[in-house]
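Open the model in your viewer and keep the selection tool at hand. This tour suggests what to select at each stop and tells you what you will find there.

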Amino acid sequence: MMESHTVWTWMLLCLLLRPLAAQNQAPEAVLNCCEGDVLFLVDSSGSVSSYEHSRMLHFLSELLRPFSLGEDQVRVGLLQVGTQPRLEFGFDTYSSQSGLQGALKNIKPLRGDTNTVEALRMAKEWVLKPGAVNGARKGLPRVLVWLTDGVKPGDVVGPMAELREEGVSVLVVSTGHGNYQIFRQVVSSPLENNLYFVDIDDMSIILEDLRDAIIEIIRAERIHVRDVSTNSATLHWRPVLSGMSGYYDIRFHATGNTGVVGDETGTSPSTSGDDYQRLTQPSDSSSVRLQDLKPDTTYSAELIPQSNEHVFNTLSVTFKTKPEVLSPAVLTISESGQTSVRVTWGPLQPETVTSYYIEYSGLPRGKLHTATVGRTQNSTFLRDLQPDTTYLVTVTARYASGKEKAMSVKVCTQEVTPALADLQLTTVSSDSVQVDWRGSATGLRGYWLTWEGQQSASQRSSLYLPPDSLSTRLTHLPPLTRVCVSPIYRTARGEGLCCTAQFHSDASLYGYLS
């Protein structure tokens, strides 16, 4: 008897737990299915009891649980209706189910009047407006789901019509005995999919139908082409078959051709006469690489999701492969100095090139120098060159196929600039001269200036000038004065230049003015 009682207790426990376990399992087919912004307009005015409000939020929790949230997925916002409507959270707030589910549990009702018109104004001008701060995303579906008890909704027909005209899909769930004529005017078509009347305690019976209606609007049936090269491209799509049985049928062909190319999956090719190649991918995949394409050719590709559980649209895209450009196609020279230059080439083609061979020699009959670099390197530094010399530089790409392609360019190294040149003395007055010279400040610590009279014994004077100084003025000089300027390096003084200044005066005082 005890054993029989235990068995019945266990069976009853299993029956009670089964619905709960089923509720906690998110339908896999919903994950990654969609991309769009869904705003829930929830009535929490005084006509909605605390119990009804909690049942609405619980319903939303179960409704949204299967969706993948985030920037490239579904984004959710919630706007409560009361005397002063309040945005509980916007589209950018939650990107995970844990955060969203926690927020839904903590929302409190507003009470007061049912100011739905003001809430719709906020939704239109702020939340559902594409491009607005924290607003809806441009180019993606926008959905407004209105949960209400139907009591005194206000003049909502006009504002709802404006939202629909702007591309917003409107769905309504009424838990009371609201005016059917008003609701049928505000929802988007088809009416049978987007308008629901249900008792507050029986909302679970419309759960899947409402979710399917939302999915039908925001289902991400788009295909993209990325990483296009001369002979390949990658197709990307939303994995709408995830969690279902089935596969993706991919067909692609060069436009304007006829006749079947082949079937890479081993299945029988179509007899439609189209020139296409065919691939298949499993239901959980989201991309495929198309190989062996022709350069500079326009291709058309189709993605056909195949499943016995749901009918999906065929997605298509057109793209053009890049023209074939054998490296090196561009050869440039930079960082040119007196004894070195940098040579850069492109484009890099490591998948077909094994190495690059560089040859360079001074013109007209200089010694030939060579260097070899790897296939992933697109530049090298040529050193130990002769200043003020023209070089012929040739870069040759060696391909795995045995083919070679070369490109040449002429480059001139810089001439050696003397640290000091062209010393000039200009008479300013009967005992003054302006001293000017040309020089290069590179590597210099400054200049050393000296002067002394030549006709009689006189004291030699000197002056240090910083490296950016290229002139000074000397005054009160003897009638015949020798002026010298020398460059100063880190370890020594370099060879200088001298000039003699001659005056027709009896000046006996001399000095300088910088």
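The stops below go from a sheet to its helices, and then on to strands and single residues further along the chain.

This is a predicted model, in which local features need pLDDT of at least 70 and side-chain atom pairs count only at pLDDT 80 or more, while totals for chains, interfaces and linings use all residues. Residues are numbered from 1 along each chain as its sequence is written, and side-chain values use heavy atoms, with hydrogens and water left out.

**The six-stranded sheet**

Begin with the open sheet of six strands, whose order is S3-S2-S1-S4-S5-S6 and whose pairing is mixed. Helices (H or I, at least four residues) and strands (E, at least two) are DSSP runs numbered from the N terminus, and two strands pair if DSSP finds at least two bridges between them. Select residues 86-89 and 195-197 to see the edge strands, S3 and S6, each of which pairs on one side only. S5 and S6 pair in the parallel sense over three bridges, and valine 173 has tyrosine 196 in S6 as its bridge partner.

**Helices H4 and H5**

Next, select helix H4, where Thr116, Ala119, Leu120, Met122, Ala123 and Val127 are buried, which means that they have under 20% relative accessible area (exposed is over 50%, partly exposed in between, with a 1.4 Å probe and protein chains only). These residues cover an arc of only 155° around the axis, so they sit on the same side of H4; the arc is that of the directions from the helix axis to the C-beta atoms. They pack against strand S1 (36-43), strand S2 (74-81), S3, S4 and H5, where contact means heavy atoms within 4.5 Å.

Which residues of helix H5 (157-165) are buried? They are Met160, Ala161 and Leu163, and because they fall within an arc of 160° when seen down the axis, they line one face of H5. Their packing partners are helix H4 (116-127), strand S4 (142-148), strand S5 (168-174) and helix H6 (180-186). Just after H5, look for glycine 167, which takes a positive phi of about 100°.

**Helices H2 and H3**

Now select residues 50-64 and 97-105, which are helices H2 and H3; they pack at an angle of about 170°, with their axes 9 Å apart. Axes are lines fitted to C-alpha atoms, for helices over the stretch in contact, and angles run from 0 to 180 degrees between N-to-C directions. H2 and H3 are therefore roughly antiparallel, a label for angles over 145 degrees (under 35 is roughly parallel, 65 to 115 roughly perpendicular, and the rest oblique). Leu57, Leu60, Ser61 and Leu64 of H2 make the contact with Gln97, Leu100, Gln101 and Leu104 of H3.

**Further along the chain**

Move to isoleucine 304 in strand S13 (residues 298-306), which counts as buried because its relative accessibility is 16%. Leaving out residues up to four places away in sequence, isoleucine 304 touches Tyr247, Tyr248, Asp249, Arg251 and Thr314.

Is glutamate 351 buried or exposed? Glutamate 351, in the loop between strand S16 (341-346) and strand S17 (353-362), is exposed, with a relative accessible area of 62%.

Finish with strands S22 (residues 420-429) and S23 (residues 432-439), which pair in the antiparallel sense over seven bridges. A hairpin of two residues joins S22 to S23, and serine 429 has serine 432 in S23 as its bridge partner.
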